[in-house]
Amino acid sequence: MTTMTPPPLDQEDEEMLVPHSDVVEGPQPMEVAQPTESVSTVENQPVEDPPSLKFTWTFSNFSRLNTRKHYSDIFIVGGYKWRILIFPKGNNVDHLSMYLDVADSATLPYGWSRYAQFSLTVVNQIHNKYSIRKETQHQFNARESDWGFTSFMPLSELYDPSRGYLVNDTVVVEAEVAVRKVHDYWSYDSKKETGFVGLKNQGATCYMNSLLQTLFHIPYFRKAVYHMPTTENDVPTASIPLALQSLFYKLQYNDTSVATKELTKSFGWDTYDSFMQHDVQELNRVLCEKLEDKMKGTVVEGTIQQLFEGHHMNYIECINVDYKSTRKESFYDLQLDVKGCKDVYASFDKYVEVERLEGDNKYHAEGHGLQDAKKGVLFIDFPPVLQLQLKRFEYDFMRDTMVKINDRYEFPLQLDLDRENRKYLSPEADRSVRNLYTLHSVLVHSGGVHGGHYYAFIRPTLSDQWYKFDDERVTKEDMKRALEEQYGGEEELPQTNPGFNNPPFKFTKYSNAYMLVYIRESDKDKIICNVDEKDIAEHLRVRLKKEQQEKEDKRRYKAQAHLFTIIKVARVEDLAEQIGKDIYFDLVDHDKVRSFRIQKQTPFQQFKEEVAKEFGIPVQFQRFWIWAKRQNHTYRPNRPLTPQEELQPVGQIREASNKANNADLKLFLEVERGPDLRPIPPPDKSKDDILLFFKLYDPEKAEIRYVGRLMVKNSSKPMDIIEKLNEMAGFAPDQEIELFEEIKYEPCVMCEHLDKKTSFRLCQIEDGDIICYQKVLTDKDSSECQYPDVPSFLEYVQNRQLVRFRSLEKPKEDEFVLELSKLHTYDDVVERVAHKLGLDDPSKIRLTSHNCYSQQPKPQPIKYRGVEHLSDMLVHYNQTSDILYCEVLDIPLPELQGLKTLKVAFHHATKDEVVIHNIRLPKQSTVGDVINELKTKVELSHPDAELRLLEVFYHKIYKIFPTAERIENINDQYWTLRAEEIPEEEKNIGPNDRLIHVYHFTKESGQNQMQVQNFGEPFFLVIHEGETLEEIKNRIQKKLHVPDEDFAKWKFAFMSMGRPEYMQDTDIVYNRFQRREVYGAWEQYLGLEHSDNAPKRAYAVNQNRHTYEKPVKIYN
């Protein structure tokens, strides 16, 4: 089956969170199953620009997959090969992870890139409107050859068979890809085209960018930010006012897009926070609260209130007696309903709607008892800048999750809140204020509830010209684009065959207004004021101009880089300075030596004159050696430059010495000095001469240092230079020393004893080699030194590791630091931690590794002796951490690992209470053992009561566990385990009785049809042959203790596959439940329809998992 459709026309460009490899934590050396059990279809369309395509992947046997990631078949768009990459169990998260991948990235030519807009969808196979769709755009290249969504949708939703995403163990995934010409998008100059610049996206910060642009384009707000007191000693990353001043200045005066990292760092955010998409409304509130706090006691105190604060009055007024209760409240923004409202005015009508308190809901008026009353809200005053937050997201009871409302919702260019005789205002409102507002900005959300893209339409001066601020890109837009096209709702595709009477194809618009900013007409001259350099503090202007100059110098430097060669010159002074302090292996860190930027055409002789000026070494006394990287990854001086080479330009020498086009020319300057330490001409060097470098090790102090270099004959022996080496070390001439050759240090240290009586040639010693030496120690001296010889010291230096230990409760705070060795075994590490904590039993220490990406502990702790060395604990794919988390257990870890902990909710038989118990038993235990353990912890209705264990998910009973089932396979991560007493009637069940499921439900109207939403606690009921519904109702009312008045409102239905068949009191219920073999007994049940009056609670079965998105926090 092959189908092809263009992508929906309304979708806006969208950003993405992260390429999968960043989250996957490095290359994954694992098997990837080929899509042998999947069906792929491709929908093509006439070729036009940009080429686009819809690809459908039908993925069978989804829940039985045992490989971590899977690729779809390859499909072609725009002449390029693409495929979908999916992680069915999540890419180290409890969400489905899904990405678009360049299928042939490994074989593409160097420097390839391509730009695409795309969406990924998991299709809901029951109700298509519940399909989850996310869209984004990306510049694909060798470094980021895949891009997509690590947290696409919760696994608990995906794998729940009643949700409709996994049907017959099959998942249907769609990809819509549009390939665009790279230069069309990337060569665009926002400043040149619009006069404005955009903000760079840090990963998922488009929500913040749209808000910052909106606030920046309220000039009165920007002026207030500029006037917040800051000093030249403040650091932007630690000061929100300074970071915001800096950001606004750059938005006002830069020619290119502006980064927001300084600002997010001033919030106290780390990289992980920047990759978490949050809510614009929440950030707006938190940021304004922070600024309001920072403005206190300054010249701009009260600005936030003056701009954004309005007041309304909540009132309750009795109808039959003279009593009225009022309460005044302030607001910075208003939350307006979208659902059920056609426009902003309808939302305001709903906001001030009068509610009648009567009947059972009468108001208790002080001194008058229960009274009929009316309750409502009226506005006392509106602020100059009115921020309207549109409630596009709400809780869907059917799906037990948040959903986005994409309904059409209109908003006017001019908003008159004095309409219809000022019906929104209270009688005491100031009548002299005219509440006529004009639209300033429209913040848009494109996408679904699980993620999407934010951007803003703004008219900075309230003229007819609108601008779209979409991260780095700013474009001119017309009014229709900013207003009507952001109303949401549905749109019809134009007819492709006008002659045929086909029904029009409609699709939902996923891009729609989410927040509106209006400015009061009477205040607009004050708010849209002039802001220029004189509003900006002098120290800030100087700082930012300097930054701009440095940036310009850097750009110019970069632009001219191809004309220059960087020459790094190492001298013996550098070796002496660095060895034993900054470095221990090799000779020098080339990033810390003097570097020269020389035009490539400059003759080398001219460069030597530059060196003479810099170091005071006359040209004739300079001899330069070229460094070479050896096969064992060490870096040593290899050979001196020849006289012929010294006649060449520096660029030619660099190219000859290093084939890598971006490498610097690295040289060692050899200077020979006479007895008076003045430079003298370097000695002649024949092919028999070799230049050696020497390091001296002091075992007593455990210190190593550079002591000099010597030119020796390769036919000579180490014993020939012993006297000279003792002199260099300051030892007596006859001091006995031992010598070692430093060969390499990666991946492990290689430092071998050098035989003093064997010639250098036979020892394979050559130019640039390093010889380390030390005094020969007696056995007694040796036993007193921790590292008695050079190899043991270098081994220690190479493997020493400072580890910061933290507790799981405070994952951002170091508790203590230990110096350990990467070669330490698991036992070594826990012993040292136990010693530090004063613990006698190291086996009670449990360690957890650090996730370098999320900056959080990894979800699974390290098993007892589960890794060999400390280095294995710290490595995180291609990154190494220096953090471990430790906890002290109440029992030894090996014993704990043999146990399984289950979280069981015990429902008391006679009391209306639920108690959560953690049951810890050996893994080979059975459900019967769990029940016996539970009996010792809970209060039973009578001593002989029998218990059972149930699996409950989304208010349905999916399983009664057999008592013989082993607990190691039970998963309490997503399901609730419920324990309860078995009722007496179930124990005495007759041959003609039947045990049925009984669930509570409500009905909710969806766009296309009625939806059933289960809630409350499900239960079993024994029904008897010939029993009427009326008789069963009496038993249920008694069992659930429901008052007559409430129970009279309940309806009863036979439910099959989610559809209710309502029953009469005279119906024989038994006759409905005839089918014994139903797939999943929970699909047939007796439904109790009534309103859900229980308070909503965030009940997370697994307390270790984050059930909801993290709130926005600004820490500083």
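# Reading the terms in this structure

User: Why are H6 and H7 called oblique to each other?

Analyst: This is a predicted model, in which the axes of helix H6 (residues 219–226) and helix H7 (residues 240–253) cross at roughly 130 degrees and come within 9 Å. Angles of 65 to 115 degrees count as roughly perpendicular and those over 145 as roughly antiparallel; the angle here fits neither class, and H6 and H7 are therefore oblique to each other. The crossing of these two helices is left-handed.

User: Which residues of H6 and H7 meet?

Analyst: On the H6 side they are Phe221, Arg222, Val225 and Tyr226, and on the H7 side they are Leu244, Gln245, Phe248, Tyr249 and Gln252. Sorted by class, the contact of H6 with H7 has six nonpolar, two polar and one charged residues.

User: What makes H6 a mostly covered helix?

Analyst: Seven of the eight residues of H6 are buried, a word that applies under 20% relative accessible area. The buried residues are Pro219, Tyr220, Phe221, Arg222, Ala224, Val225 and Tyr226.

User: How do H5 and H7 pack, and what makes the term for their arrangement fit?

Analyst: Helix H5 (residues 206–216) and H7 have their axes 11 Å apart and pack at an angle of about 75 degrees. Since the range from 65 to 115 degrees counts as roughly perpendicular, H5 is roughly perpendicular to H7. The residues that make this contact are Leu212, Gln213, Leu215 and Phe216 of H5, together with Leu244, Leu247, Phe248, Leu251 and Gln252 of H7. By class, the contact of H5 with H7 has seven nonpolar, two polar and no charged residues.

User: How do you know that the buried residues of H19 line one face of the helix?

Analyst: In helix H19 (residues 650–657), the buried residues are Val650, Gly651, Ile653 and Arg654. Looking down the axis of H19, one finds these buried residues within an arc of 160 degrees, so they line one face of the helix. As background, an α-helix has 3.6 residues a turn, so residues three or four places apart point the same way.

User: What covers the buried residues of H19?

Analyst: The covering elements include helix H18 (604–615) and several strands, among them S30 (564–570), S31 (594–599), S32 (623–629) and S34 (665–670).

User: Why does Lys666 count as buried or exposed?

Analyst: Lys666, whose place is in strand S34, has a relative accessible area of 18%. The limit for buried is under 20%, so the value of 18% makes Lys666 buried. Leaving aside neighbours within four places in sequence, Lys666 is in contact with Lys568, His590, Trp625, Ile626, Trp627 and Tyr635. One of these, Lys568, is 98 residues away along the chain, although the C-alpha atoms of Lys666 and Lys568 are separated by 4.9 Å.

User: Why does Leu820 count as buried or exposed?

Analyst: Leu820 lies in strand S43 (residues 816–821), and its relative accessibility is 3%. Because buried means under 20%, Leu820 counts as buried. With neighbours within four places in sequence left aside, its contacts are Asn799, Arg800, Gln801, Val803, Phe805, Val829, Arg832 and Leu870. Leu820 and Arg800 are 20 residues apart in sequence, and their C-alpha atoms are 5.7 Å apart in space.

User: What makes the phi of Asp169 worth pointing out?

Analyst: The phi of Asp169 is near 60 degrees, a positive value in a residue other than glycine. Most residues other than glycine have a negative phi, and most peptide bonds are trans. Asp169 is found in the loop between helix H2 (155–158) and strand S11 (171–180), and with a relative accessible area of 15% it is buried. Glu420, which lies in helix H13 (residues 419–422), also has a positive phi, near 50 degrees, and is likewise a residue other than glycine.

User: Which residues does a cis peptide bond join?

Analyst: The cis bond joins Glu746 and Pro747, with omega about -5 degrees. Pro747 has its place in the loop between strand S39 (737–744) and strand S40 (750–754).

User: How many helices and strands does the secondary structure of the chain come to?

Analyst: The chain has 29 helices and 59 strands, and buried residues make up 51% of its 1116 residues. Among contacts with a separation of 6 or more, 67% are accounted for by residues 24 or more positions apart.

Note on methods: Residues are numbered from 1 along each chain as its sequence is written. This is a predicted model: local features need pLDDT of at least 70, side-chain atom pairs count only at pLDDT 80 or more; totals for chains, interfaces and linings use all residues. Side-chain values use heavy atoms; hydrogens and water are left out. Buried means under 20% relative accessible area, exposed over 50%, partly exposed in between (1.4 Å probe, protein chains only). Helices (H or I, at least four residues) and strands (E, at least two) are DSSP runs, numbered from the N terminus. The arc is that of the directions from the helix axis to the C-beta atoms. Contact means heavy atoms within 4.5 Å. Axes are lines fitted to C-alpha atoms, for helices over the stretch in contact, and angles run from 0 to 180 degrees between N-to-C directions. Angles under 35 degrees count as roughly parallel, over 145 as roughly antiparallel, 65 to 115 as roughly perpendicular and the rest as oblique. A crossing is left-handed if the near helix is turned anticlockwise from the far one by less than a right angle, and right-handed if clockwise. Ala, Val, Leu, Ile, Met, Phe, Trp, Tyr, Cys and Pro count as nonpolar, Asp, Glu, Lys and Arg as charged, and the others, Gly among them, as polar.
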